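Here are some notes for a colleague who works on binding sites, set out as numbered points. They deal with enclosed space first and with the ligand afterwards.

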Amino acid sequence: MEDLGFNSFCKTKESRMPVYDNNQGISRFPEFLKSECKSNLLLGSEKLRWLTPKAFLELDNMLLSINSNRVGLVKLVVGNTSAGYYKELENCDTYIDLRYIPELSCIRRDPVGIEIGAAVTISKAICALREAFRIESPSEGAIVYKKIAAHMEKIGTKFVQNTGSIGGNLVMAQREHFPSDIATILLGAGAFVNIRSGTAYETVSLEEFLERPHLDSKSVLSSVKIPLWELEKGRNSGVDRKLLFETYRAAPRAHGNALAYVNAAFLAELSSCGSSGGAVLNKCLLAFGAYGKKHAIRAREVEKLLTGRVLTARVLYEAINLVKATVVPEEGTGSEAYRSSVAVGFLFEFLSPLADATIGISRCTLSSKDAEENYEEGGHVKCPRMLSSSRQVFQLHIDYRPVGEPIVTSGAALQASGEAVYADDIPSPENCLHGSFVYSTKPLARVRGIQVNPKSQSNWISGLINYKDIPKGGKNVGSMTIFGSEPLFADDFTQCAGDRLAFLVAGTQKEADVASRLAIVNYDLENLEAPILTVEDAVARSSFFQVPPFLYPKEVGDFSKGMAEADHQIFSAEVKIDSQYYFYMESQTALAVPDEDNCMVVYSSSQCPEYVHATIAQCIGVPEHNVRVITRRVGGGFGGKAIKSMPVATACALAAHVLRQPVRIYVNRKTDMIMAGGRHPMKITYSVGFKSTGKITALKLDILVDAGIYTDISPVIPSNFMAVLRKYDWGALSFDIKVCKTNTVSRSAMRGPGEVQGSYVAEAIIENIASTLSVNADCVRKINLHTHDSLMLFHPDSSGEVPEYTLSLIWEKLAQSSEYSQRREMVSEFNKCNVWKKRGLSCVPIVHELIVRPAPGRVSILRDGSIVVEVGGIELGQGLWTKVKQMTAFALGLIKCDALEVDLLEKVRIIQADTLSLIQGGFTAGSTTSESSCEAVRLCCEILVERLRPLKEKLKTEMGSVQWEMLIQQAHMQVVNLSTSSYSGPDFSSNRYLTYGAAVSEVEVNLLTGGTTILRSDILYDCGRSLNPAVDLGQIEGAYVQGIGYFMLEEYTRNSDGLVTSDGTWTYKIPTVDTIPKQFNVEILSSGNHKNRVLSSKACGEPPLLLASSVHCATRAAVRAAREQLQSWGYHDEYGPTFNLEVPAVMPTVKEQCGLDNVETYMKWKMSTHRVEQ
Ligand SMILES: Cc1cc2nc3c(=O)[nH]c(=O)nc-3n(C[C@H](O)[C@H](O)[C@H](O)COP(=O)(O)OP(=O)(O)OC[C@H]3O[C@@H](n4cnc5c(N)ncnc54)[C@H](O)[C@@H]3O)c2cc1C
């Protein structure tokens, strides 16, 4: 169990995977594993049948026989990707795979169109359509094939495209009301479908198919036919005619892997009107879908209105108003007004170029979408669709080699090859069971009972553990912090939706997950007080957590005096910020194995094994030396694997203790999202005074922090928030902070806890001041940056010496490297020339306080000279092991053996954290654990070098040269103690320090959809002297992108009971390759010597996340330009410069601030300022 390497798990005799060799070209699949793949385990299962008919007749017989002796559920499948969307709680027992029926996989092209078999994958359909376009060009109708193929490229991922079928998608749309793209675009192209029922075939239009009752289980969709459109010949020959086809989708991710808010496809046949020169629409098909109706529709009324008319501004205006009345989502869809508004935008985008001739709006209409694919605007930022470019700059320091070198992350190859072993990769011990949490869906209720649902087979279930199973001497405790503990399970009373009620244990993880989802909880709500679900409720009912006085931040100056000095004052402005989920790749994981003599070994994916250990011991009521927690590495933590990992491991340990069997869990994403809590939501009300120059004189804030039901680490949030908000000189600073206790899941630390919110609120205040004064927000920022004197006032414990204050230098340097001034002018020029796209530019600084905590380390040198290192810090992907390795090599290298430097690095191995081997590991948190772990190791090495030095000198004198291996061999023989441990406890006078950075971002906003594109971000960040610039660049970029997620994309929504509803990747959108800045430049500022820091280094794990607010602020600047334009068209006085752009600035939010009816307003304005045909 201790040896966690892949090769120890491999059952074959040939136990090693071949080593990847870059020079060998393509790596071949290892021969010895091929025999493993021949296993037909899946097909041979007695419980499940996977049938593969080779002909329709065989399928008919199968369906007949199954229907007559049917016991379980039957499902026709092709790729079975629908299982990713419609999670099956009740398992089918028979799957019929349609892929081997030749007619379903056929693609036929003829002069009237292309017929695609229902089982053809999306990828193959794309290829076939591209080929058909090539062959049919220059026929006008060929464009339809090309556009459909291009749109299909945005469906799902490549995996979905390669596996999912066209037919499967259409049946999902018809039967399950899936918000399909394929249904919409094929509807817009006038497609037909062929259906086979028994032996009968039927061809109907796709429109009719979608409107029919659900396809029954005996019918099979056999193919879809896309007609090849041709211009009508004969009539009015000699008249110019044209066929247009275009598709649209507005989705949180522009290039795919996100379902659309709304999609559309429009086909139009036009001719020019002889007298006016305008365009006449002879025929049009207008399809809209995914907007919150059962299925995609043809907007027949709009089609009727447009057909045969000369397209004038008036006609277009009528048409878009009719679209607005037609494309109406069902209530409860979410963002209803937004979806209708985007549908209007799509039709406008399609038709407005055609209305040019009559209303003369050519200057202002959109360029063609084709040109947009690779557009470059007026010599401005070149913006390829998908790819991004980057620049990474750092200065190399070699004085502490190999510290300071950009060494490849330790274990990178293991991780890239999949060989790295995470807690869930450990093979299950014999008789291992699997657990899953049953959680509450009510915020405040008595729990009368929890029953296993008869639908889940009872033979699956081994136990339903709850608080009553805590052994005598144990305690109902699931996590511990210095502020108190949290129960493992709710007792007879649940206090929040997402509360842990029980732990269901079954034979497999799937069985446990399904049974826990189906479990029946009997709630009793009678005569209970209403739950506290908002911070306002908490204030009304005085429901607060105490903040210990030593953690409560200090005020600065005299607020009333500051306000009196101000020329302008803003009173009681409000900012609200919501939560964020961690979205680590590896979910919460643990494996508990009972050991002899009432001991328990637990493998846990935790950022704080020491606390997991103590919690388990308390819960099962054993001394701490009976528990051992092992953590090798964690697949992403971001704070979520700190407190929240404790109940997961403790539940497994308790179940293992009760059942006397090993128990493990891999918490499924939905449950994890519901129970995780995430970042603290807040409501801030502030009053601020400032001079006409923008210089701020006083700020007062009332801050309500939503902490949820348990304390967790919430009492630290006020000090974290205020520490970062102090990045500007506010003159006087006064505040009141309340940590509210609400009936929601307790919030926990998340990368930059409280700090992200503090930094953002500072920017929101600056933006408000700038809007009030009608000046550029970056000028207001600059004028309020600290001098070193004001820095000392606001950060008395951490301001450091004058040369350490690098923010002004960063500000100037970044302005130059990002070409800030030139780009400001270009942005303003761009905004003048473009009606439907606006750009914004913003520069945001950070001043971030970091605290160094104590950390343990142990270094042991083995007989062959190899070195084993243990540290309290956990490798979370932040490169801690890499830096520790470098530090060990550097510090042991000071012994100065011959030819040592490079070799020594390769001799170091960092091993897993084991709470009985190295104690006091503490939390891996707050960005500084790498440096404190390095310091602990440095201290160990110092001792070892001292012990080895006399022997080395002696050998040197005797032999002239000393090799490392020889020295160590001799040392072992001469009984030198070659293992030592240390505990690095920083001096309290210097355990806090500040670090600085700034980011400039440029964002483009599409005013028709509210979509944003980050054109460029430039970051300059002070790492002191980076311990490893490659690792630090990765940390800076990663943190920044996670920040982009928070500020722009990730909506962690809850229902009215406080139960999380964004509980999977369908609804919660983290950034992907298409979100990151198109141009992403990062520079590490090497700011020289910092005498109290570990080899002059400064941390960078969390602070750069805060810089992502520059993207939000740049978006705001673009929206401000859009609002100025909207105002210039009249009708809208309410769209002034002062507005609140919520976080995250998702598409509906941005569009709402740009005007949901901006198209209609524009049209009205155009019609009123031009002579238009009525
Ligand atoms: C991560 C992800 C992202 C996605 N994103 C998008 C997107 O952006 N836009 C979009 O439009 N779609 C999207 N999809 C949906 C995807 O296109 C469909 O899941 C896929 O096309 C279904 O094909 P399949 O072969 O896997 O169907 P299956 O899952 O095998 O079947 C789906 C359903 O259709 C039935 N069925 C299948 N074939 C037939 C047939 N010939 N006759 C009768 N019944 C049949 C099955 O019984 C089942 O009920 C996404 C899916 C995933 C998993």
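**Notes on cavities and the ligand shell**

1. In this predicted model, the largest cavity is lined by 15 residues, and of these G872, A913, T915, L918 and G921 lie nearest its centre. The space in this largest cavity comes to about 100 Å³, and the structure holds ten cavities of 30 Å³ or more.

2. As for where that lining comes from, α18 (609-620), β33 (867-871) and β35 (913-914) each supply at least two residues to it. Sorted by class, the lining of the largest cavity has six nonpolar, six polar and three charged residues.

3. Turning to the ligand, 33 residues surround it, and L76, T81, S82, S165 and D181 are the ones that come nearest. By class, this shell has 18 nonpolar, eleven polar and four charged residues.

4. Polar contacts to ligand oxygen atoms involve both backbone and side chain: a backbone N or O atom of V78 lies 2.8 Å from an oxygen atom of the ligand, a polar backbone atom of N80 is 2.8 Å from a ligand oxygen, and a polar side-chain atom of S165 lies 2.7 Å from an oxygen atom of the ligand. Of the 980 Å² of accessible area that the ligand has on its own, the protein covers 94%.

5. Two or more residues of the shell around the ligand come from each of β2 (74-77), α7 (166-175), α8 (181-188) and β8 (219-227), with α7 giving the largest share, five residues. At the level of domains, both domain 1 (31-227) and domain 2 (241-374) contribute at least three residues to the shell around the ligand.

Methods. Residues numbered from 1 in each chain as written. Predicted model: local features only at pLDDT ≥ 70, side-chain atom pairs only at ≥ 80, totals over all residues. Heavy atoms only, no water. 1 Å grid on protein atoms, 1.4 Å probe; cavity = no way out; pocket = protein on both sides within 12 Å on 5 of 7 lines; lining within 4 Å. Points joined across faces, edges and corners; volume = space filled by probe spheres on them. Helix = DSSP H or I, 4+ residues; strand = E, 2+ residues; numbered from the N terminus. Nonpolar A, V, L, I, M, F, W, Y, C, P; charged D, E, K, R; others polar. Near = heavy atom within 4 Å. Polar contact = N/O pair within 3.5 Å; in protein donor to acceptor, adjacent residues only side chain to side chain. Areas by Shrake-Rupley, 256 points an atom, 1.4 Å probe, with all protein chains shown as cover. Domains from an automatic or database assignment.
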